[in-house]
Amino acid sequence: MCGIAGYFNPGGQAGNIKPILDLLSHRGPDFQHIHTEENIELGHTRLSILDLSDRGNQPMKDPATGNIIVFNGEIYNFKSLREELASKGHTFNSSGDTEVLLKLYGEYGEKCISMLRGMFAFALWDKSKEQLVIARDRLGKKPFFYSQSSNGFIFASEIRALATHPDISRDVDVQAIDLFMSTGCVPAPFSIYSDIRKLPAAHYGIVNSQGLSLHRYWSLDFRAKIECSENEVLESLHSQLLEATRIRLESDVPLGALLSGGVDSSLIVALMAEAGSKSIDTFTIGFHEKKYDESGHAAKVAKHLGVNHHVEYLDPAQFENMLPAVVRQYGEPFSDDAALATMLLSEATRKHVTVALSGDGGDELACGYSAYTHVKLASTLAPLIGKKVLPEKNIASAFSSNSTLGALRRKMICKFHPEFKRILRNEFKVARHKNDIYRADVREQLGQFTLNWMYDLSSQACAHAHSPAERLLWMDTVHFLADALLVKVDIASMAHSLEVRSPLLDHELFEYMAGLPIELKLKGGESKYLLKKLAERYLPKDILYRRKQGFSMPVAKWTSGDSADFTLEAISQATPFLQHFFDMDALNKRIDEHVSGRKKHKNFVWNILNLALWAIEHKNGRV
């Protein structure tokens with residue numbers, strides 16, 4: 001795992017990327033190097049995981065082709081790919097996965113990307129074609145930010161580092177502000193800066209003298225189904241998940257696991273033991289407030305599985321000291337409240353191991369969210385309703401109506417077409433805030449931008465899945481997983497030079513599960529049915545079938561209780577920035593309603609607080 005950066009200028013010399021690379025040192029504290037030739041400059045900061053010798057250092061050059069690569073991630077099937085390449089006459093100087101990827105491209109070109117099983121973001125200079133090939137893994141586990149202008153193409157692993165380059169404007173994208181207010185993150189391909197974009201998951205790009213061209217190389221599809229019994233599925237799922245876990249145990253440094261006590265992480269720890277791991281160290285975060293604390297569940301699982309368990313507690317008093325630093329680390333507005341706990345957990349885990357397996361992805365893999373079980377009526381009527389997507393004008397009309405009839409239309413659409421529920425319920429609620437607090441010129445500039453973005457996401461879901469639950473699942477995988485959950489984990493873990501691997505995010509597992517009938521994923525009203533049935537082989541039922549708790553924080557208390565002054569002070573300091581977008585009288589009225597307890601605006605105020613803290617860091621030049 002590491003940090004990568006580069007500058008390609010087809011028309012002249014590349015600019016200096018050393019300042020960018022220095023800001024990525026936490027991602028790779030073991031080695032740093034920059035390679036420069038002609039109009040390309042590539043840089044790498046290394047966290048040594050495989051082949052700890054100098055032969056694994058990057059940027060890495062293929063002497064046979066002159067191609068050069070900077071690579072962030074892990075290719076879990078690199079050994080089988082290495083054997084295939086060796087059979088074709090390729091020889092290797094190192095024992096890691098980077099050289100395999102470099103030579104794989106030399107053999108197959110861009111087609112090699114579809115052969116990779118792992119998490120990755122890389123840039124490869126193709127010397128003979130004088131082009132830069134960039135790529136990101138299928139589910140978006142590793143980040144890739146870039147900026148392109150007449151001065152060239154610049155990229156980096158983190159937005160905070162990339163934004164420091166003098167060729168890049170720090171002007172804020174108002175559309176990104178609007179998306180953040182609705183989703184709590186800035187989804188790809190957008191970023192908070194107008195000049196910076198994110199390479200979407202499952203895409204690669206070609207950069208040459210004509211500019212950048214983007215290509216999708218993978219897409220999850222739920223439409224084609226296989227016929228199988230439950231027992232057949234459980235045996236196949238066990239085999240595939242055990243293999244996905246086993247190949248993620250490859251490491252030349254200490255390895256452990258993140259354990260929350262939920263189904264996903266508990267199952268992974270059990271499979272680690274089955275795959276041959278000895279003396280497993282597990283790590284969890286605890287809270288002094290019982291409502292948010294899962295450490296007792298994790299301790300029970302750890303005792304049952306016989307692992308070495310470690311607990312780190314987050315004291316609410318740490319909130320005010322931690323949050324500004326966390327906001328700064330993420331580099332753009334990001335309001336997943338679990339980022340604080342994930343940051344603390346990563347710091348504690350890194351004291352013992354360099355690599356940790358996690359249970360991330362189980363909800364998206366196996367229908368774990370309660371929303372998937374709340375679509376019974378739509379599922380029953382799906383064959384009658386058909387596969388047509390509701391026209392955008394119908395959704396926009398229902399969205400904009402404030403009448404009683406409009407409310408009824410929204411309710412009925414949500415019942416029959418739950419893929420539009422996030423527009424007609426979630427965004428409908430947020431839009432009331434936004435309409436009141438945005439400046440008139442900002443409202444006019446934005447129009448219905450986020451509604452249109454959400455409609456496009458919903459309509460794409462209809463094109464990739466027939467059942468209502470799987471349409472929601474597709475949206476969560478493409479958006480929430482890639483733009484929020486995986487961003488949270490990557491930034492928090494790499495801030496402390498910790499590599500996190502997630503067997504449940506194996507793309508072959510996702511493809512297999514997508515082909516299963518929905519009736520096997522949601523059975524008897526039980527979400528995540530198949531993973532729970534599989535986990536019964538290892539864990540007591542009272543652990544597996546307890547109420548889902550989630551990794552959440554006491555946000556309402558932090559923004560309206562003892563920490564209300566902290567919230568008000570942050571918004572006051574950020575007013576010079578906020579007033580470019582918001583009517584401050586209207587905004588402060590909403591804040592006062594929440595802080596005083598007259599009305600509950602928890603999510604809205606939490607988003608504004610995180611935006612305000614980011615604005616303070618932006619003003620001071622730290623993001």
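# Strands, helices and cores explained

Guide: Strand β1 pairs with strand β9 (residues 152-156) in the antiparallel sense, and four bridges join the two. Within this pairing, F8 stands opposite F153 of β9.

Visitor: What makes β1 and β9 a pair?

Guide: Two strands pair if DSSP finds at least two bridges between them. With four bridges, β1 and β9 satisfy that condition. The strands themselves, like the helices, are DSSP runs numbered from the N terminus: a strand is E over at least two residues, and a helix is H or I over at least four.

Visitor: What should be known about the model itself?

Guide: The model is predicted: local features need pLDDT of at least 70 and side-chain atom pairs count only at pLDDT 80 or more, whereas totals for chains, interfaces and linings use all residues. Residues are numbered from 1 along each chain as its sequence is written, and side-chain values use heavy atoms, with hydrogens and water left out.

Visitor: In what order do the strands of the six-stranded sheet lie, and which are called edge strands?

Guide: This open sheet follows the order β2-β3-β1-β9-β8-β10, with antiparallel pairing. Its edge strands are β2 and β10 (197-198), as each pairs on one side only.

Visitor: How do you know that β3 pairs with β1 and β2?

Guide: Seven bridges join β3 to β1 (residues 2-8), and seven join β3 to β2 (residues 31-37). H44 of β3 is the bridge partner of I4 and also that of H33. β2 and β3 form a hairpin with two residues between them, and E38 in the turn has a positive phi of about 50°.

Visitor: Why is β3 said to be largely enclosed by the rest of the structure?

Guide: Seven of the seven residues of β3 (residues 40-46) are buried, so the strand is largely enclosed. Buried means under 20% relative accessible area, exposed over 50%, and partly exposed in between (1.4 Å probe, protein chains only). Both faces are covered: I40, L42, H44 and R46 are buried on one side, and E41, G43 and T45 on the other.

Visitor: How do you know where the buried residues of helix α2 lie around its axis?

Guide: In α2 (residues 78-87), F78, L81 and L85 are buried. They cover an arc of only 65°, taken from the directions from the helix axis to the C-beta atoms, which means that they are on the same side of α2. The face turned away from that side carries the exposed residues E83 and S87. The cover over the buried residues includes β5 (68-75) and α3 (98-108). After α2 comes G89, with a positive phi near 100°.

Visitor: What makes the span of helix α6 close to the expected one?

Guide: The expected span is 1.5 Å times one less than the number of residues. For the 17 residues of α6 (residues 230-246) this is 24 Å, and the helix reaches 24 Å from its first C-alpha to its last.

Visitor: Why is a group of residues called a nonpolar core, and how many residues has the largest one?

Guide: A nonpolar core is a set of buried Ala, Val, Leu, Ile, Met, Phe, Trp, Tyr and Cys residues joined through side-chain atoms within 4.5 Å. The largest has 200 residues, and F122, I177, M181, L578 and F582 have the most contacts inside it. Helix α18 (residues 468-494) gives the most to this core, with 13 residues. A second, separate core of 18 residues includes C2, W125, F144 and L199.

Key
Contact means heavy atoms within 4.5 Å.
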